[in-house]
Amino acid sequence: MIYLKTDQEISKIQKAGKIVANCLKEIRSMVSPGLSLFEIDKFAEDFPKQFGGRAAFKGYHNYPASICLSVNDVVVHGIPDSYVLRSGDIVGIDYGVELDGYYGDSAITVPVGEISSEAIVLIDTTKSALELGIAKALMGGRLGDISFAIQEYAEAKSFSVVRNYVGHGIGRKLHEEPPIPNYGHKGKGVKLEAGMVLALEPMVNAGTYETVLLSDGWTAATKDGRLSAHFEHTIAITRSGPRILTLPDN
Ligand code: MF3
Ligand code: CO
């Protein structure tokens, strides 16, 4: 069952989404060689409290932290630990906030110090793939239009899109229907309607799309050890086109 949201509900999701985006913006500016993952997690746990919100991932299916930090070959759901970031790393930062019963969810991948040209292209490609997917979030279209646009662009750059993890509907819960694969076929899948709120989140790998789950039960890494990047926005489909709900204030 896909729950369509009223304009009022979309505003509430956007309020949560703004906290997510403002926090990600702060973290992006903090990231540099020498910063530990624990320090980022602490910041993410505290940040939403001043607005009456809370970090939504903590305790979700027993997830143990307030944010997901996925370094280099980690695809998603990396658990913050004592690791200290070093120049050359890339770090995926995936964060959600619940405010007044509504959820926002967004992710960015950022460079630490000087990174390889492959890493730069991978990050840029994943960000662009998300933007192209958002542009297809149009009422009257199909979910597969979004999936296809993401896959087509990433693969044209000779990268691969992860199959084992997908985007999702969002709103009154962090994960709602429908699942949103980052691969698929134009014209297939559910019809897109005004009021759908979706978390689009391409995960793009430099090598194989295959992933392995580490023994902590959360961390997903690339099977071949090559780099992975991840971007995510929470968006609403409206009569006047896609509206991104996880943008910072300025
Ligand atoms: N954006 C991620 C997702 O939708 C974050 C979930 S992490 C979890 O899968 F810990 F909350 F599960
Ligand atoms: Co998500």
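**Close-up views of a predicted model**

A search of the whole structure, which is a predicted model, finds 11 salt bridges. The legends below take up some of these pairs, then the ligand, and then several individual residues.

**View 1. The side chains of E9 and R172 meet in a salt bridge.** The N to O distance of this pair is 3.4 Å. E9 belongs to helix α1, which covers residues 7-30, while R172 sits in the loop between β7 (167-169) and β8 (176-180), so the salt bridge ties together parts that are 163 residues apart in sequence. The two partners differ in their surroundings, for E9 is buried, with a relative accessible area of 15%, whereas R172 is exposed, with a relative accessible area of 53%.

**View 2. A salt bridge joins the side chains of D100 and K12.** Here the N to O distance is 3.1 Å. Because D100 lies in the loop between β4 (90-99) and β5 (102-111) and K12 lies in helix α1, this pair ties together parts that are 88 residues apart in sequence. D100 is exposed, with a relative accessible area of 54%, and K12 is partly exposed, its relative accessible area being 32%.

**View 3. Within helix α2, D46 and K42 are four residues apart and form a salt bridge.** The closest N and O atoms of D46 and K42 are 2.9 Å apart, and the two residues are separated by about one helical turn, being four residues apart in the helix. D46 counts as partly exposed at 32% relative accessibility, and K42 likewise counts as partly exposed, at 48% relative accessibility. Through salt bridges that share partners, K42, D46 and K49 are joined into one network.

**View 4. D41, in helix α2, is buried yet has no salt bridge.** Helix α2 runs over residues 37-46. Side chains of opposite charge can pair when their charged atoms come close. For D41, the nearest side chain of opposite charge is that of K58, which is 5.1 Å away, and a salt bridge needs the nitrogen and the carboxyl oxygen to lie within 4 Å, so this pair does not count as one. When residues up to four places away in sequence are not counted, D41 touches A65, S66, I67 and P80.

**View 5. Ligand 1 has 13 residues around it.** Of these residues, Y63, D94, H168, H175 and E232 come nearest to the ligand. A nitrogen atom of ligand 1 is 2.7 Å from an N or O atom in the side chain of D94, and an oxygen atom of ligand 1 is 2.8 Å from an N or O atom in the side chain of H168. H77 also takes part, with a polar side-chain atom that lies 3.1 Å from an oxygen atom of ligand 1. Taken alone, ligand 1 exposes 330 Å², and the protein buries 96% of that area.

**View 6. A229 is placed in strand β13, which covers residues 228-230.** At 1% relative accessibility, A229 counts as buried. Leaving aside residues up to four places away in sequence, A229 touches T109, L122, I123, T126, P202, M203 and V204. The C-alpha atom of A229 is separated by 8.0 Å from that of N72, although A229 and N72 are 157 residues apart along the chain.

**View 7. H61 and N62 each have a positive phi.** Most residues other than glycine have a negative phi, and most peptide bonds are trans. H61 is not a glycine, yet its phi is positive, at about 50°, and N62, which is not a glycine either, has a positive phi of about 65°. H61 is found in the loop between β1 (54-55) and β2 (68-71), and the place of N62 is also in the loop between β1 and β2. Both residues are exposed, H61 with a relative accessible area of 60% and N62 with a relative accessible area of 68%.

**View 8. A cis peptide bond joins E177 and P178.** The omega angle of this bond is about 5°, and P178 is found in strand β8.

Methods: Residues numbered from 1 in each chain as written. Chains lettered and ligands numbered in written order. Predicted model: local features only at pLDDT ≥ 70, side-chain atom pairs only at ≥ 80, totals over all residues. Heavy atoms only, no water. Buried < 20%, exposed > 50% of the residue type's maximum accessible area, 1.4 Å probe, protein only. Lys, Arg positive; Asp, Glu negative; His and termini not counted. Contact = heavy atoms within 4.5 Å. Near = heavy atom within 4 Å. Polar contact = N/O pair within 3.5 Å; in protein donor to acceptor, adjacent residues only side chain to side chain. Areas by Shrake-Rupley, 256 points an atom, 1.4 Å probe, with all protein chains shown as cover.
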